[in-house]
Number of protein chains: 2
Amino acid sequence: MVRWEPGAKERLQAAALELFAERGFEQTTAAEIAQSVGLTERTFFRHFSDKREVLFYGQRQFLQAFADGADAAPPDASPLEVIASALRAAASLFPDEGRPYSRMRQSVIDQNPPLQEREQHKAAGLAATVAAALRARGIGEPAATLAAQSGATVFGIAFAQWIRDGETRSLAEIASDILGELLHLTNAATGPVRPGI
Amino acid sequence: MVRWEPGAKERLQAAALELFAERGFEQTTAAEIAQSVGLTERTFFRHFSDKREVLFYGQRQFLQAFADGADAAPPDASPLEVIASALRAAASLFPDEGRPYSRMRQSVIDQNPPLQEREQHKAAGLAATVAAALRARGIGEPAATLAAQSGATVFGIAFAQWIRDGETRSLAEIASDILGELLHLTNAATGPVRPGI
């Protein structure tokens, strides 16, 4: 018989993150995470396939938010308008009260190169998802991939800023500013760059 | 006594790539690669730290080309002009006669998720190198990181196109076209996007 543990997943996640931050990701076992909140290793593995999963299990929901945001843009939206809509939807997954959690998660990932590679792989998955959403709207290549990867870039820079010490703006606000910077950067450069390369 | 093997590194590299393509990366050992061209495993490890290194050893030179290209831009160049200069320098490392090699290398990487993660990590390293070169020119954040990541995006899309079957344009030509597409994409979008997000 499997006993239902109310809030077990959330407790395991919070405990895992604290142990990862304290001792390092490699030095922490699933059994230790479970024990620290009075649960068994078996309970841990009912919720997570492995300890890495604790850091990455929201990924499907994250990609879905981007795809849903892209789908929500009007049919005649330009590629970058679709990206803006996708960014808004993804940013809504990260309310300000989650900032301390995201900050701690990032510090664990920054200390572990394999986790960094996994995080970069996630960014590549994000770009692929958004590019597929753009192609489904009839946007051709390379515009779809370019716009999707630019969206992933904007999200990544905005997210890094959002978890910076002292930052108080919302993720949506920061993402909007960074997208504006990208437009400014490329607009400012038109003309001289094209013939140059 | 270590006997000098003329062209040993190149022979090992060519043999490795063929075996990886034929049998799969995981199924090929360093000893097998060496034996296939009449060399010893010891000779293999004098040239490469491991079999993965065969696919990635040019990385330092690749990053250096980007950085040198960025440095070669005039002092008053805009961020995207610096990127255009970096792309030209990097593209010159890939002459058309190397296309079949790059094609085969990519097919090996596409079949192996850990190699894909490594390749994405390389793209992240590229963006970090170029961002540092931009900051050294006095370009602030987030412009430096945005421009650098856009440059990595353009290079990645151009490279994928360059090794596509039937493609005959040079990498520099394709990169120039893709950079132009990025400018077009963002220019076309100005106005409606900014207030939207």
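# A quick tour of an all-helix pattern

Read from one end of the sequence to the other, chain A runs α-α-α-α-α-α-α-α-α-α-α. That adds up to 11 helices and 0 strands in chain A. Keep in mind that this is a predicted model. Below we look at chain A as a whole, then its two domains, then a pair of helices in chain B, and finally a single glutamine.

**Chain A overall**

- Measuring along the principal axes, you get a C-alpha trace for chain A that spans about 65 × 35 × 30 Å.
- Chain A has 197 residues, and 39% of them count as buried.
- Take the contacts in chain A between residues at least 6 apart in sequence: 57% of these join residues at least 24 apart.

**Two domains in chain A**

- The domain assignment splits chain A into domain 1, covering 8-54, and domain 2, covering 58-188.
- From one C-alpha centre to the other, domain 1 of chain A and domain 2 of chain A are 28 Å apart.
- How many residues bring the two domains of chain A into contact? On the domain 1 side there are 5 residues, and they are in contact with 7 residues of domain 2.
- Sort the domain 1 side of that contact by class and you find 4 nonpolar residues, 1 polar residue and no charged ones.

**A helix pair in chain B**

- Two packed helices are described by the angle between their axes and the distance between the axes.
- In chain B, the axes of helix α8 (residues 113-136) and helix α9 (residues 143-162) come within 8 Å, crossing at roughly 135°.
- Are α8(B) and α9(B) oblique or roughly antiparallel to each other? Angles over 145 degrees count as roughly antiparallel, and with a crossing of roughly 135°, α8(B) and α9(B) are therefore oblique.
- As for handedness, α8(B) and α9(B) make a right-handed crossing.
- On the α8(B) side, the residues making the contact include B:Ala123, B:Leu126, B:Val130 and B:Leu134. On the α9(B) side, B:Ala144, B:Ala148, B:Gly151 and B:Gly156 are among them.
- By class, this contact of α8(B) with α9(B) has 10 nonpolar, 4 polar and 1 charged residues.

**One residue up close: A:Gln116**

- You'll find A:Gln116 in helix α8 of chain A, which takes in residues 113-136.
- Why is A:Gln116 classed as partly exposed? A residue needs 20 or more other C-beta atoms within 10 Å to be buried, and 12 or fewer to be exposed. A:Gln116 has 15, so it is partly exposed.
- A:Gln116 and A:Gln106 sit 10 residues apart in sequence, and their C-alpha atoms are 9.3 Å apart in space.

Terms used:
Residues are numbered from 1 along each chain as its sequence is written. Chains are lettered from A and ligands numbered from 1 in the order in which they are written. This is a predicted model: local features need pLDDT of at least 70, side-chain atom pairs count only at pLDDT 80 or more; totals for chains, interfaces and linings use all residues. Domain bounds come from an automatic or database domain assignment. Ala, Val, Leu, Ile, Met, Phe, Trp, Tyr, Cys and Pro count as nonpolar, Asp, Glu, Lys and Arg as charged, and the others, Gly among them, as polar. Helices (H or I, at least four residues) and strands (E, at least two) are DSSP runs, numbered from the N terminus. Axes are lines fitted to C-alpha atoms, for helices over the stretch in contact, and angles run from 0 to 180 degrees between N-to-C directions. Angles under 35 degrees count as roughly parallel, over 145 as roughly antiparallel, 65 to 115 as roughly perpendicular and the rest as oblique. A crossing is left-handed if the near helix is turned anticlockwise from the far one by less than a right angle, and right-handed if clockwise.
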